[in-house]
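Subject: Structure for your review

Dear colleague,

Please find below the structure that I am handing over to you. I would be grateful if you could read the notes beneath it alongside the model.

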Amino acid sequence: MTRRIRTPLPDRVPLEDRLETALDLLSRGVDVQWGEWLQDGRFATISVICCPNR
């Protein structure tokens with residue numbers, strides 16, 4: 001049986017800060033993209049695209 005060594009999670013940007021920044025950027029016509037590491041090394045992204053971009 002192989003035992004995995006878990007490394008500590010990296011520091012994260014608090015959700016409140018992410019939302020505040022996203023609202024500011026989106027209101028100015030700037031796209032926003034977030035990324036999160038998932039279990040087993042997978043990575044997910046969430047994007048909001050402004051059309052038209054300013």
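The notes below set out what was found, from the whole chain down to single residues.

Overall description

Please bear in mind that this is a predicted model. The mean pLDDT over the chain is 85, with 78% of the residues at 70 or more. Among the elements, β2 has the highest mean pLDDT, at 94, and β1 the lowest, at 91.

The chain contains one helix and two strands, arranged along the sequence as α-β-β. Of its 54 residues, 9% count as buried. The exposed area of the chain is about 5,400 Å², of which carbon and sulfur atoms supply 57%. When contacts between residues at least 6 apart in sequence are considered, 17% of them join residues at least 24 apart.

The helix and Leu-25

Helix α1 covers residues 15-27. Its length can be checked against expectation: with 13 residues at 1.5 Å a residue, α1 should span 18 Å, and its end C-alpha atoms are indeed 18 Å apart, so the two values agree. Just after α1, Gly-29 adopts a positive phi of about 80°.

Leu-25 belongs to this helix. Its relative accessible area is 24%, so Leu-25 is classed as partly exposed, the band for that class beginning at 20%. Apart from neighbours within four places in sequence, Leu-25 makes contact with Val-30 and Val-32. Val-32 lies in strand β1, which covers residues 32-37. Leu-25 can also be placed relative to Cys-50: the two residues are 25 apart in sequence, and their C-alpha atoms are separated by 9.7 Å.

The hairpin

Strand β1 runs antiparallel to strand β2 (residues 43-48), and six bridges join them. One of the pairings is that of Trp-37 with Phe-43 in β2. The two strands form a hairpin with five residues between them.

Asp-40 is located in the loop between β1 and β2. What is the sign of phi at Asp-40, which is not a glycine? The angle is positive, at about 60°. This deserves a remark because most residues other than glycine have a negative phi. Asp-40 is also exposed, as its relative accessible area is 58%.

The cysteines

How many disulfides does a search of the whole structure find? The search returns zero. A disulfide is a covalent bond between the sulfur atoms of two cysteines, and the criterion applied here is a pair of cysteine sulfur atoms within 2.5 Å. For Cys-50, the closest cysteine sulfur is that of Cys-51, and the separation of 7.6 Å is too far for a bond. Cys-51 likewise takes part in no disulfide, its nearest cysteine sulfur being that of Cys-50.

Are these two cysteines buried or exposed? Cys-50 has a relative accessibility of 15% and therefore counts as buried. Cys-51, by contrast, has a relative accessibility of 72% and therefore counts as exposed. The relevant cut-offs are under 20% for buried and over 50% for exposed.

Yours sincerely

Notes. Residues numbered from 1 in each chain as written. Predicted model: local features only at pLDDT ≥ 70, side-chain atom pairs only at ≥ 80, totals over all residues. Heavy atoms only, no water. Helix = DSSP H or I, 4+ residues; strand = E, 2+ residues; numbered from the N terminus. Buried < 20%, exposed > 50% of the residue type's maximum accessible area, 1.4 Å probe, protein only. Contact = heavy atoms within 4.5 Å. Pairing = 2+ DSSP bridges. pLDDT = per-residue confidence, 0-100. Areas by Shrake-Rupley, 256 points an atom, 1.4 Å probe, with all protein chains shown as cover. Expected span 1.5 Å × (residues − 1).
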